[in-house]
Amino acid sequence: MSPHLIRPDADPVGRNDRPLTVTVDGAPVTGAHGQTLATVLLADGRSHWRTAPTGGPRGVFCGIGVCFDCVATVNGVPDVRLCRRPARDGDRVTTQSRTGAGDE
Ligand code: FES
């Protein structure tokens, strides 16, 4: 799996993308229908979007919904596994942290 989004005109498969836009901590990020939220964020150059209690960065680890390393808040719902969640136009992703009191 490549974390980079291939432009439709350069894709040898000849897919017909339908673009979408989500926000990550308020910043717009573009993707395509069919991607998970994790692949939208990876293609945007993000390697992590959560902070573990130890302070370490967390993003995709297993990529198949088992490890829960990739969780974030989506449309106000916390602990959504971004590797399993299809991206939808207008989704609002908020990064999470468990490093101290008051964090999500
Ligand atoms: S990367 Fe492991 S659950 Fe998403």
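**Exercise 1. Contact range.** State what share of the contacts with a separation of 6 or more comes from residues 24 or more positions apart.

*Solution.* Start from the contacts in the chain with a separation of 6 or more. Keep those between residues 24 or more positions apart. They account for 39%. One long-range pair can be inspected directly: H4 and L42 are 38 residues apart in sequence, yet their C-alpha atoms are 7.2 Å apart in space. Bear in mind that this is a predicted model.

**Exercise 2. Confidence.** Find where confidence is lowest and where it is highest in the chain.

*Solution.* Take the chain as a whole: its mean pLDDT is 89. Of its residues, 91% reach 70 or more. Now go to the elements. Strand β8, residues 96-97, has the lowest confidence, with a mean of 84. Strand β7, residues 92-94, has the highest, at 97.

**Exercise 3. Overall dimensions.** Decide whether the radius of gyration agrees or disagrees with that of a compact globule.

*Solution.* The chain has 104 residues. A compact globule of that length would have a radius of gyration near 13 Å. The chain has 14 Å, which agrees. Next, take the box along the principal axes: the C-alpha atoms fill roughly 50 × 25 × 20 Å. Finally, burial: 24% of the 104 residues count as buried.

**Exercise 4. Burial of one residue.** Classify H4 as buried or exposed.

*Solution.* Locate H4 in the segment before β1. Count its C-beta neighbours inside 10 Å: there are 9. A residue is exposed at 12 or fewer. H4 therefore counts as exposed.

**Exercise 5. Five-stranded sheet.** Derive the strand order of the open sheet of five strands, and name the strands at its edges.

*Solution.* First list the elements. The chain holds one helix and eight strands, in the pattern β-β-α-β-β-β-β-β-β. Then use the pairings:

- β1 (residues 19-24) and β2 are joined by six bridges and run antiparallel.
- β1 and β7 pair in the parallel sense over two bridges.
- β5 (residues 71-74) and β6 pair in the antiparallel sense over three bridges.

The full order is β2-β1-β7-β5-β6, and the pairing is mixed. β2 (27-32) and β6 (77-81) stand at the edges. Each has a single partner strand, so one side of each lacks a neighbour in the sheet. On average, neighbouring strands here are turned by 40° against each other, direction ignored.

Check the register with bridge partners. T23 is matched with R92 in β7. V24 stands opposite A27 in β2. V71 has R81 in β6 as its partner.

**Exercise 6. Hairpin turns.** Identify which residue takes a positive phi in the hairpin of β1 and β2, and which does so in the turn between β5 and β6.

*Solution.* In the hairpin of β1 and β2, two residues lie between the strands. D25 takes the positive phi, near 50°. Now move to β5 and β6. This hairpin also has two residues between its strands. Here N75 has a positive phi of about 50°.

**Exercise 7. Three-stranded sheet.** Work out which strands lie at the edges of the open sheet of three strands.

*Solution.* The order is β4-β3-β8, with mixed pairing. β4 (57-58) and β8 are the edge strands. Each has a single partner strand, so one side of each is left without a neighbour in the sheet. Two bridges join β3 (residues 50-51) to β8, and these strands run parallel. For the register, T51 stands opposite S97 in β8.

Technical notes: Residues are numbered from 1 along each chain as its sequence is written. This is a predicted model: local features need pLDDT of at least 70, side-chain atom pairs count only at pLDDT 80 or more; totals for chains, interfaces and linings use all residues. pLDDT is the predictor's confidence in each residue, from 0 to 100. Helices (H or I, at least four residues) and strands (E, at least two) are DSSP runs, numbered from the N terminus. The radius of gyration is taken over C-alpha atoms; the globule rule is 2.2 Å times the number of residues to the power 0.38. A residue is buried if 20 or more other C-beta atoms lie within 10 Å of its own, exposed if 12 or fewer, and partly exposed in between; C-beta atoms are placed from the backbone. Two residues are in contact if their C-beta atoms, placed from the backbone, lie within 7 Å. Two strands pair if DSSP finds at least two bridges between them. Axes are lines fitted to C-alpha atoms, for helices over the stretch in contact, and angles run from 0 to 180 degrees between N-to-C directions.
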